[in-house]
Amino acid sequence: MTLELRKISKQVGGETHIGDVDLTLASGTLTILLGPTLSGKTSLMRLMAGLDRPTAGQVLIDGTDVTGVPVQKRSVAMVYQQFINYPNLTVYENIASPMRVAGLNRQETDAAVRRAADLMRLTSLLDRKPLELSGGQQQRTALARAIVKGADLVLLDEPLANLDYKLREELREELPRLFSETGAIFVYATTEPTEALLLGGNTATLHEGRVTQFGATLDVYRRPVDRNTADVFSDPPMNFLAITVGGGQVTAGEQTLPATGQIAELADGRYAIGFRPNHLHLARPELPAIAVTANVAVTEITGSESFVHLDFDGQRWIALLHGIHDLEPGSAAEVFLDPGRFYVFNEDDALVAAPDPAEAA
Amino acid sequence: MNKTWNNGAWFMVLPVLALVAFNAVIPLMTVVNYSVQETFGNNIFFFEGVKWFEEVLHSERFHAALLRQLAFTGTILLIEIPLGVMIALTMPRQGPWVSVCLVLMALPLLIPWNVVGAIWNIFALPDIGLLGRSLNGMGFDYNYTHQPVAAWFTMILMDVWHWTSLVVLLAYAGLRSIPDAYYQAAKIDSASRWAVFRYIQLPKMKRVLTIAVLLRFMDSFMIYTEPFVLTGGGPGNSTTLLSIDLVKIALGQFDLGPAAAMSIIYFLIVLLLSWVFYTLTMRSEDQS
Amino acid sequence: MARIELQKVAHSYLARPAGEQDFAVKELDLTWDDGGAYALLGPSGCGKTTLLNIISGLLTPSCGQVVFNGRNVTEERPEQRNIAQVFQFPVIYDTMTVRQNLAFPLKNRHVPSDAIAARVTEIAGMIDLDSVLDRKAHNLSADQKQKISLGRGLVRSDVNAILFDEPLTVIDPHLKWQLRSQLKKLHREFAFTMVYVTHDQTEALTFADKVVVMYEGEVVQIGTPEDLFERPMHTFVGYFIGSPGMNVAPVSVEGNRAILGGYAIKLARTYADTPVGAKLELGTRPEFIRFAGNGGAKDGEGLPVTVKRVDDIGRFKVAKVELAGVPLAVVADEDTVIDGDEARIVFDPDHVHIYADSQLLEGVAQ
């Protein structure tokens, strides 16, 4: 099955919740909707499901226009952040409920329920009520209920957000298996870039109701098409440096250096350089590097890594360093930037240069 | 698996449709019909247009009844809403007493309305009623069958006794939905009871209170049975509220035309005031 | 700020607890130094929120005493203990402006209004709320609302401790970095005693000087983030901290070697007498295993493994491998090339620990 969104937009009371979205999703794929809160992830999912009608545009399934078709007539399942289960039914009956509604006979229902329970590792818990289960088990029940009816489109709206971070890790490991075994179109909304990278599949980054980029997750990560996408897809947030290129020189803040590498190939003008926190170094690396003196604001130590918050030219940077580096707040630190890892954005925030993966190795 | 769309369901709705049509739509049409016609009996009708409407709108009797009605509704709203909220605040939020309190609060709402009227009719009698006897015993000169003031007092007291519970239950539901963390934060901020009420409980109850006020407004504006059984509209016409007046005209005098016109005007007044009230509260909620 | 001590504190939510399992917090003794930043870290249901509420006074413990600066406050209510608490979701007074919200605790204590105004301006400057002071609190974003909650705690100059109950739950990932660094800065400048409850290891480790790891009502380990990372005293600590958590595999131990799946792994310490009948396990973090052939290792070095799966998460890769059927996770740099299904791994003896019945064995250094 193919789900296509053609120029979909949704206006609510003068506000654009979704603006001009074009997406095509194929069966057996996982698409991650990545963006901060209120960027339109839930609104977009509701439009895909048929819970809301778009103000403009069309929703097509296998080429047929289903824009006006309500959700009950579409083959959709949805899993929410809050573990939504029928509290007075057992886990077995919860999972069986969509089948009962569709009027399948007892044997088929039983077989399907057991298959789903097996997939979600709930077989020993089938007799319990949802409120007797832990958060992770309740969410597994909701997931099982979503996949049991074999819906063609399964939407997951930040399903792991209410779980403990370790539980989240565990469930996240099980999800890819789930995705490949059921063969439906999966759409997964999240605010965390790490989650997107762990799940793989394709990612659509959202910014203020628009899809800024759509492609294989690693591709979007490695080659963000504009500054917003780069920023959304970075945790800790990407560091930016405003530079002016002119006459073979680069001016960054108050320092002027000769232009080298990628930067030397840029036309004169103003640009924003983006680089990820783990590409800032305290010690001069072997490859050519640009040295900058920044002010240490605060250091956070996680036991194996250090996050150093720096202030440079009015911008706040975060450096992710291996090992323990307890820098004194207020002191000046010399940091080295690796130009081989720079993302260059022009004044319209579009990407003009990105690190070459082969070169960086 | 797609769910099938069953059009056969529409047939199940037909009996209800018929019932509603018979009980509501057709009588309403009849009223509209009567309101624009005149009859002298013998089933001969003359079309009169807006004559009845004009007559009703200019009649002093109608103005008086409308004024009485507004006074009544205003008074009971001013008493029942604060009283209901205060009682809800004192009810326990957890423990074994919760169900007991809820049942006690629900009791007055379960009594048939004419029985409520009858109870208070006897309860307030100056010679054999407990209330009447006590008040007279305390030195007040109380006789609701002869004194308009006493009649109003009794009517309002009866309504408060009957309907405050509704406000209590609604306000209680609103209070229960406030997360504990707010109370905890208030404790930590050394907030007084009054501050907790004003800054946490009242704002969070706003939605629920709006419903309570709307319900009480509509019901009290249309009230008939209880005051009719209590005072019959008397003494004289001092407690003749709009609905009572309407019935007197329609069934007492058999003036179908004016009565029908009055019904429609009555209905439109309730509709207008409810709409105004609702829009005002919804708008203030949007702004906040 | 105060030095807080919990003496033999235990708590059960049941009126008549039958046994140990009915206690949400099992008997413990803890001291929180004046001006220290602490984190209470553990999974849901481990008792951390219960413990926090015992410190703040919202809960009276079933047994034991809570002592602030030598004074027994067990029976005192929260407002008498002078603490500030920031909750999971922003708790603000909707009808008031930011300024009024911040002034509220002082108004309730009848502080004169010019003192209030000065203090509010000072605190608002500290937490970057000065630009929104006169806006209605209701309309602000989640992170600004949490700052208001924090601010209400800071305005009281005699506050004993600031307690945080998973305060970043509703905050967006990007803003979490800002808020955390602000909290850190505040702590450095003003030395507040801060206790931070969370289930997120990054939050706990970056925030605290000392982390208290809890599991099922008990304190499993107290230590600096480095201690917890380098030397977990309990396999649970190893598992819970680190993403992915520590690799744990059953082994047998002979002197200074561990036998894992038939392969001998050199250890940094000698374990002469292992407890009889105990379950022996080897624990080593994925960050301390590397692939041979990278970082200048000699060829032929290392133990052979089959590579089951490699996840590229941008700044590093997580490889799931199997050494003689034993599953292990390995964290490799983002540029590492993991070719094909066969690879060799090298352990770092300094970071391989031996556990008996889940507790760390000391051994003798060589």
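The paragraphs below walk through the strands, cores, domains and chain contact of this structure.

This is a predicted model, in which local features need pLDDT of at least 70 and side-chain atom pairs count only at pLDDT 80 or more, while totals for chains, interfaces and linings use all residues. Residues are numbered from 1 along each chain as its sequence is written, and chains are lettered from A and ligands numbered from 1 in the order in which they are written.

A good place to begin is chain A, where four strands form an open sheet in the order β2-β1-β4-β5 with antiparallel pairing. Strands here are DSSP runs of E with at least two residues, helices are runs of H or I with at least four, and both are numbered from the N terminus; two strands pair if DSSP finds at least two bridges between them. At the edges stand β2 (15–26) and β5 (64–65) of chain A, each with a single partner strand, so one side of each is left without a neighbour in the sheet. Within the sheet, β1 (residues 2–12) of chain A is joined to β4 (residues 56–61) of chain A by five bridges, and A:Leu3 stands opposite A:Ile61 in β4(A).

Chain C also holds an open sheet of four strands, in the order β2-β1-β4-β5 and with antiparallel pairing. Its edges are β2 (23–32) and β5 (71–72) of chain C, and each has a single partner strand, so one side of each lacks a neighbour in the sheet. Two bridges join β4 (residues 63–68) of chain C to β5(C), with C:Val67 opposite C:Asn72. Helix α1 (residues 48–56) of chain C packs on this sheet, touching β1 (4–12), β2 and β4 of chain C, and its direction makes about 125 degrees with that of β1(C). Such angles run from 0 to 180 degrees between N-to-C directions, with axes fitted as lines to C-alpha atoms, for helices over the stretch in contact; residues are in contact if their C-beta atoms, placed from the backbone, lie within 7 Å.

Further along chain C, strand β16 (residues 303–312) pairs in the antiparallel sense with β17 (residues 316–323) over six bridges. The hairpin of β16(C) and β17(C) has three residues between the strands, and in it C:Gly314 takes a positive phi near 85 degrees. Strand β16(C) is also joined by four bridges to β19 (residues 342–347) of chain C, where C:Val305 stands opposite C:Ala343.

The largest nonpolar core has 93 residues, and those with the most contacts inside it are A:Met48, A:Val154 and A:Leu155. Such a core is a set of buried Ala, Val, Leu, Ile, Met, Phe, Trp, Tyr and Cys residues joined through C-beta atoms within 7 Å, where buried means that 20 or more other C-beta atoms lie within 10 Å of a residue's own, with C-beta atoms placed from the backbone. Helix α4 (residues 135–148) of chain A supplies the largest share of this core, six residues.

Chain C is divided into domain 1 (4–240) and domain 2 (247–365), with bounds from an automatic or database domain assignment. Their centres, taken over C-alpha atoms, are 38 Å apart, and the contact takes nine residues from each of these domains of chain C.

Finally, the two chains meet in a contact that takes 33 residues from chain A and 30 residues from chain C. On the side of chain A that touches chain C, the largest share, four residues, comes from β16(A).

Notes: A residue is buried if 20 or more other C-beta atoms lie within 10 Å of its own, exposed if 12 or fewer, and partly exposed in between; C-beta atoms are placed from the backbone.
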